Structure formats: structure tokens, C-alpha cells
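Here is a friendly walk through a few backbone and side-chain details worth checking in your viewer. Please have the sequence and the coordinates open as you read.

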Amino acid sequence: MRLSEHRGSVVLLNFWATWCAPCRTEMPSMEALYRAYRKKGFELLAVSIDSVGEPVVRAEVEAAGFTFPVLMDPELFVNDLYQVRVVPTSLLISRKGEIVHRLPGAKDWSAPELRALIDSLIHQKA
């Protein structure tokens, strides 16, 4: 998958791992965000940096009922490309494909200030 495939949409690119407790805490609010905004020009891509293998990650994602795309980066290629040093880290990418916010650490994506940020990006022209 290429990020350029999502140009024209606001993208939340989230780096996480199954062994990361804050990541696991954050993910239910990411799912709620995805469900609320996916039909409004928003995409959420979660990038797992796990080295345990895709079956382990997929099993956890399915057990939790997450519906957003989960991509695998066990060699940390994408992680290093975006210079992620802390998990979780989320990047908010504008409709133009520009990183407009780098948000290290777990977030509550139901927080009004984060929803307002997403809304403002969605309402910007590409």
C-alpha cells in the first residue's frame, strides 16, 4: 500500500505494536474515530512494527474487532522513513499529502480538541 493512494483524504497514520500497552489502550478510540469519519474523506492506517509475525497481529486485531486497515512493518522500513522513535506515534496527513501534525504518545481520539482538529482538516480543500 502506498500513502499516495489516499491523496485527497485526511489520513491518520498510526505506528503501534502489540507489546505496547499505551498502543492497546489507544486503539478502541481510534476505532470509534474511524467509524465516525471514514465516510467523510478520512482514512486511518495503523502500522504494526511487531516482529512476531502477521498471524499474531491479525489475531489480536480481529479479537478486538478493529475494522481499520492494519499494515505490517516488521523490518521498520516505514517506521524509519517517518522517523518514528516512540510508539504509539500518529501522523495526521492533509488531503494534499502533507504531514501537518506529529502526535507522539497515546491519545484519546474521542477528545473534543482532537475531533476538532480532524474536522478542520476534513473541511480543507485538497
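In this predicted model, there is one disulfide. The bond links C20 with C23, and the S to S distance is 2.3 Å. For anyone interested in torsions, the link of C20 and C23 is right-handed, with 80 degrees about the S-S bond. Are these two cysteines buried or exposed? C20 has a relative accessible area of 4%, so it falls under the 20% cut-off and is buried. C23 is buried as well, because its relative accessible area is 0%.

C23 also belongs to the buried set of helix α1, together with E26, M27, S29, M30, E31, L33, Y34 and Y37. The helix covers residues 21-37, which makes 17 residues. At 1.5 Å a residue it should span 24 Å, and its end C-alpha atoms lie 25 Å apart, so the expected and modelled values agree. Where does α1 bend? The bend is at M27 and amounts to about 30 degrees, with a proline, P28, following within four residues.

Next, consider what surrounds this helix. The buried residues of α1 pack against three strands, β1 (10-16), β2 (42-48) and β4 (89-93), and against the helix α4 (112-122). Two packed helices are described by the angle between their axes and the distance between the axes. For α1 and α4, the angle is about 35 degrees and the axes are 12 Å apart. Their crossing is right-handed. On the α1 side, the residues that take part are A32, L33, A36 and Y37, and they meet R115, I118, D119 and I122 of α4.

The loops hold some backbone geometry to look at too. Most residues other than glycine have a negative phi, and most peptide bonds are trans. Against that background, the peptide bond from V87 to P88 is cis, with omega near 0 degrees. P88 sits in the loop between α3 (77-81) and β4. Two residues that are not glycine have a positive phi, as listed here.

| Residue | Phi | Loop | Relative accessible area |
|---|---|---|---|
| L76 | about 65 degrees | between β3 (70-72) and α3 | 29% |
| Q83 | about 55 degrees | between α3 and β4 | 54% |

How do these values translate into exposure classes? L76 is partly exposed, because 29% lies between the 20% and 50% cut-offs. Q83 counts as exposed, since its 54% is over 50%.

Terms used:
Residues are numbered from 1 along each chain as its sequence is written. This is a predicted model: local features need pLDDT of at least 70, side-chain atom pairs count only at pLDDT 80 or more; totals for chains, interfaces and linings use all residues. Side-chain values use heavy atoms; hydrogens and water are left out. A disulfide is a pair of cysteine sulfur atoms within 2.5 Å. Buried means under 20% relative accessible area, exposed over 50%, partly exposed in between (1.4 Å probe, protein chains only). Helices (H or I, at least four residues) and strands (E, at least two) are DSSP runs, numbered from the N terminus. The expected span of a helix is 1.5 Å times one less than its number of residues. The bend at a residue is the angle between axes fitted to the seven residues ending there and the seven starting there. Contact means heavy atoms within 4.5 Å. Axes are lines fitted to C-alpha atoms, for helices over the stretch in contact, and angles run from 0 to 180 degrees between N-to-C directions. A crossing is left-handed if the near helix is turned anticlockwise from the far one by less than a right angle, and right-handed if clockwise.
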